[in-house]
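Student: Got a minute to go through a model with me? I'd like to hop around a bit and ask whatever comes to mind.

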Amino acid sequence: HLLHFLFCFLQSFGLENFTLYPNPNNGSFNIQFNSNSGNEISVEVHDMRGRSIYNKSYTNNGLFNESLQLNNAQAGVYLVTVQDGSKKEVKKIVVQ
């Protein structure tokens, strides 16, 4: 039962094979993961004050593989939120 619970927990919150690279970066980075949900994928980037500096939705075709370019991003730490239905990843990135 515990294994089943852990599996469900991971399934409902994490994204499969999620990678974000390079990190640190210069405002340009890639996000990649697998999804068979059919949901639209949303990507949002916030600065540490909570301001949204990037927000875009993408069509889901099974393998999500996108290059993002944060225009005019100041050097610092940002939070990248990737949402696929109920599944979600939040990663810190450093822009140099």
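**Chatting through the model**

Tutor: Let's start with a polar contact: the side chain of asparagine 60 reaches the backbone oxygen of asparagine 39 at 3.1 Å. Keep in mind that this is a predicted model.

Student: OK, and where is the place of asparagine 60?

Tutor: Asparagine 60 sits in the loop between β4 (52-58) and β5 (63-69). The side chain of asparagine 60 also has a polar atom 2.9 Å from the backbone nitrogen of glycine 62.

Student: Is asparagine 60 buried or exposed?

Tutor: Buried, with a relative accessible area of 17%. The cut-off for buried is under 20%, so asparagine 60 makes it.

Student: What does asparagine 60 touch, not counting residues up to four places away in sequence?

Tutor: With those left out, asparagine 60 touches Ser35, Ser37, Gly38, Asn39, Ile41 and Asp84.

Student: Let me zoom out. What does the secondary structure of the protein chain come to?

Tutor: There is 1 helix, and there are 7 strands. From the N terminus on, the order is α-β-β-β-β-β-β-β.

Student: And how much of the protein chain counts as buried?

Tutor: 29% of its 96 residues. As for the outside, the protein chain exposes about 6300 Å², and carbon and sulfur atoms supply 51% of that.

Student: What share of the contacts with a separation of 6 or more comes from residues 24 or more positions apart?

Tutor: Those account for 54% in the protein chain. For a single pair, take valine 80 and leucine 20: they are 60 residues apart in sequence, yet their C-alphas are 9.3 Å apart in space.

Student: Which strand is valine 80 found in?

Tutor: Valine 80 is in β6, residues 76-84. At 1% relative accessibility, valine 80 counts as buried.

Student: And which residues does valine 80 touch, not counting those up to four places away in sequence?

Tutor: On that count, the residues are Leu20, Phe29, Ile31, Val43, Glu44, Val45, Glu89, Val90, Lys91 and Ile93.

Student: What about valine 77, buried or exposed?

Tutor: In between: valine 77, which also lies in strand β6, is partly exposed, with a relative accessible area of 35%. Valine 77 joins Met48 and Val94 in making a nonpolar surface patch of about 230 Å².

Student: Switching to charges. How many salt bridges does a search of the whole structure find?

Tutor: It finds 2. Side chains of opposite charge can pair when their charged atoms come close. Arginine 51 bridges to aspartate 47, with the closest N and O atoms 2.8 Å apart. Glutamate 89 pairs with lysine 91, and there the closest N and O atoms are 3.7 Å apart.

Student: Which of those partners are buried?

Tutor: Aspartate 47 is buried at 10% relative accessible area, and glutamate 89 is buried at 15%. Arginine 51 is partly exposed at 47%, and lysine 91 is partly exposed at 34%.

Student: Last topic: how many aromatic pairs does a search of the whole structure find?

Tutor: There are 3 aromatic pairs. In one of them, the ring centres of tyrosine 58 and phenylalanine 64 are 5.2 Å apart and the planes are at 90°, so that pair is edge-to-face.

Student: Are tyrosine 58 and phenylalanine 64 buried or exposed?

Tutor: Both tyrosine 58 and phenylalanine 64 are buried.

Student: And which residues form the aromatic cluster?

Tutor: Phe18, Phe33, Tyr58 and Phe64 form one cluster together.

How values were computed: Residues numbered from 1 in each chain as written. Predicted model: local features only at pLDDT ≥ 70, side-chain atom pairs only at ≥ 80, totals over all residues. Heavy atoms only, no water. Phe/Tyr/Trp six-rings, centres within 6.5 Å; stacked < 30°, edge-to-face > 60°. Buried < 20%, exposed > 50% of the residue type's maximum accessible area, 1.4 Å probe, protein only. Helix = DSSP H or I, 4+ residues; strand = E, 2+ residues; numbered from the N terminus. Contact = heavy atoms within 4.5 Å. Patch = residues over 30% accessible without salt bridge, like charges linked within 9 Å, V, L, I, M, F, W, Y side chains within 5 Å. Areas by Shrake-Rupley, 256 points an atom, 1.4 Å probe, with all protein chains shown as cover. Salt bridge = Lys/Arg side-chain N within 4 Å of Asp/Glu carboxyl O. Polar contact = N/O pair within 3.5 Å; in protein donor to acceptor, adjacent residues only side chain to side chain.
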